[in-house]
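Trainee: I am new to this structure and would like a close look at a single part of it. Please take the charged side chains on the surface, and then place them in the rest of the chain.

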Amino acid sequence: MADKSRDPEALEREIERSRQQLARAVDEIADRVNPKNVAQRGAERLKDEADHVVKAIGAMVRPPDDDEEGEGGQIDKRLVLAGVGAAVIVTALVLRRRRRRRR
C-alpha cells in the first residue's frame, strides 16, 4: 500500500533537491576530467616538483657559507651540467613512456 504519511509536495521538493545535488555532482566531475583543467593541474604539480628539485640541487651544489667574508660557496659547473643532463634524460624517458601508453 502507498505511504500516506508523506504528501506529494514534500516528495516533489525532495526529488528536486536530489536533482540539484546530482547536477552539482555531475558538474564537478565534468570540471575534474576537463582536459584543460587536467593539464593545468599537471603543469602546476610539475612546477612545484621542479621547484623542489631546484632547491634540493641548490643545497647540494652550494656548500654552507664557511667564509668569513660572506662570499658563499662557489657553484661547481660540473655538478650543474650533470644535473641538467639528468633532468633532460628523465624528461625524455617520461615523454617516451607517455607516448607508448597512448598507442
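Mentor: Start with a patch of positive charge on the surface, where Arg-97, Arg-98, Arg-99, Arg-101 and Arg-102 gather. Bear in mind that this is a predicted model. One of the five, Arg-99, is located in helix H3, which covers residues 77-102. Arg-99 has a relative accessible area of 53%, and it counts as exposed because the cut-off for that word is over 50%.

Helix H3 also carries Val-84. Together with Val-80 and Val-88, Val-84 forms a nonpolar patch on the surface, and the three have about 240 Å² of accessible area together. The relative accessibility of Val-84 is 48%, so this residue is classed as partly exposed.

Next come the charged side chains that are paired. The count of salt bridges is two.

One of them joins Glu-16 to Arg-19, with the closest N and O atoms 3.9 Å apart. A pair of this kind has to have its nitrogen within 4 Å of the carboxyl oxygen, so a distance of 3.9 Å qualifies. Both residues belong to helix H1, residues 8-33, where they are three residues apart, or about one turn of the helix. The two partners fall into separate classes of exposure: Glu-16 is partly exposed, at a relative accessible area of 37%, while Arg-19 is exposed, at 55%.

The other salt bridge is made by the side chains of Lys-55 and Asp-51, at 3.4 Å from N to O. This pair sits in helix H2, residues 35-61, and here the spacing is four residues, again about one turn of the helix. Lys-55 is exposed, with a relative accessible area of 56%. Asp-51 has 39% and is partly exposed.

Now the setting of these parts. The protein chain has three helices and zero strands, and along the sequence its pattern reads α-α-α. Helix H1 and helix H2 each hold both partners of a salt bridge, and helix H3 is the place of Arg-99 from the positive patch and of Val-84 from the nonpolar one.

As for the chain as a whole, it has 103 residues, of which buried residues make up 2%. To count as buried, a residue must have under 20% relative accessible area. The chain exposes about 10,000 Å², and carbon and sulfur atoms supply 56% of that area.

Definitions and conventions:
Residues numbered from 1 in each chain as written. Predicted model: local features only at pLDDT ≥ 70, side-chain atom pairs only at ≥ 80, totals over all residues. Heavy atoms only, no water. Patch = residues over 30% accessible without salt bridge, like charges linked within 9 Å, V, L, I, M, F, W, Y side chains within 5 Å. Areas by Shrake-Rupley, 256 points an atom, 1.4 Å probe, with all protein chains shown as cover. Lys, Arg positive; Asp, Glu negative; His and termini not counted. Charge placed at Lys NZ, Arg CZ, Asp CG, Glu CD. Helix = DSSP H or I, 4+ residues; strand = E, 2+ residues; numbered from the N terminus. Buried < 20%, exposed > 50% of the residue type's maximum accessible area, 1.4 Å probe, protein only.
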